[in-house]
Amino acid sequence: MKGKMNTEYGEVLIDEAVIAKYAGTTAIECFGIVGMASVSVADGIVKLLKKDSLTKGIDVTFGEKNELTIDFHVIVSYGVSISAVADNLVSNVKYKVEDFTGLKVSKINVIVEGVRVID
């Protein structure tokens, strides 16, 4: 499904991958976020994704009223407050995605998949 906006000139459709890429780029700019995570279902191993594959750690879904739900699978820095990092991530992503797309973000879920020590 795609996000849809009606304008006086016609309809604008936004693909989930576009929103996921923008949200991922915004997320890795947040303090305490090391990167997006990918979980292998077969063996339960969590991998840190490279910057060019950010969208694999993010799930974007559209609700019935065209509102967004974004799920982030992240790896955080060791020694930071996870709740502070999550609050920062949610507020930054909500503001920037709503400003970028014009769509309402109704829910952002942050799933911490791991902790990594940063030198």
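How exposed is Lys94? With a relative accessible area of 29%, Lys94 is partly exposed. I come back to this lysine in point 5; here are my notes on the rest of the structure, offered in the order I would walk through it with you.

1. **What we are looking at.** Please keep in mind that this is a predicted model. The chain holds 2 helices and 7 strands. Reading from the N terminus, the elements follow the order β-β-α-β-β-β-β-α-β. The chain has 119 residues, and 35% of them are buried.

2. **Contacts along the chain and the exposed surface.** Taking contacts between residues at least 6 apart in sequence, 65% join residues at least 24 apart. As for the outside, the chain exposes about 7300 Å². Carbon and sulfur atoms supply 53% of that area.

3. **The core.** The largest nonpolar core contains 23 residues, and the ones with the most contacts inside it are Ile19, Leu68, Ile70, Phe72, Val93 and Val97. Two or more residues of this core come from each of helix H1 (16-28), strand E3 (33-39), strand E5 (58-62), E6, H2 and strand E7 (105-116). The biggest giver is E6, with 5 residues. Val93 is a good residue to click on here: apart from residues up to four places away in sequence, Val93 touches Ala23, Thr26, Ala27, Ile70, Phe72, Glu98 and Ile108.

4. **A salt bridge across the sequence.** Side chains of opposite charge can pair when their charged atoms come close. The whole structure has 2 salt bridges. One of them joins the side chains of Glu29 and Lys96, at 3.6 Å from N to O. This pair links distant parts of the chain, since Glu29 sits in the loop between H1 and E3 while Lys96 belongs to helix H2, 67 residues apart. Glu29 is exposed because its relative accessible area is 56%, whereas Lys96, at 30%, counts as partly exposed.

5. **A salt bridge inside H2.** Back to Lys94: its side chain meets that of Glu98 in a salt bridge of 2.8 Å, N to O. Glu98 and Lys94 are 4 residues apart in helix H2, so about one helical turn separates them. Glu98 has a relative accessibility of 25% and therefore counts as partly exposed, and Lys94 is partly exposed as well, at 29%. Glu98 also appears among the residues that Val93 touches.

6. **His73 and its surroundings.** His73 lies in strand E6, which covers residues 68-77. Which side chain makes a polar contact of 2.8 Å with that of His73? The partner is Glu113. Setting aside neighbours within four places in sequence, His73 is in contact with Gly35, Met36, Ala37, Gly57, Asp59, Ile111 and Glu113.

7. **A nonpolar patch on the surface.** Finally, have a look at the outside of the model. Tyr78, Ile82, Val112, Val115 and Val117 make a nonpolar surface patch of about 490 Å². Among them, Ile82 lies in helix H2, which spans residues 82-101. Ile82 counts as partly exposed because its relative accessibility is 40%.

Notes. Residues numbered from 1 in each chain as written. Predicted model: local features only at pLDDT ≥ 70, side-chain atom pairs only at ≥ 80, totals over all residues. Heavy atoms only, no water. Patch = residues over 30% accessible without salt bridge, like charges linked within 9 Å, V, L, I, M, F, W, Y side chains within 5 Å. Areas by Shrake-Rupley, 256 points an atom, 1.4 Å probe, with all protein chains shown as cover. Salt bridge = Lys/Arg side-chain N within 4 Å of Asp/Glu carboxyl O. Buried < 20%, exposed > 50% of the residue type's maximum accessible area, 1.4 Å probe, protein only. Polar contact = N/O pair within 3.5 Å; in protein donor to acceptor, adjacent residues only side chain to side chain. Contact = heavy atoms within 4.5 Å. Core = buried A, V, L, I, M, F, W, Y, C linked by side-chain atoms within 4.5 Å.
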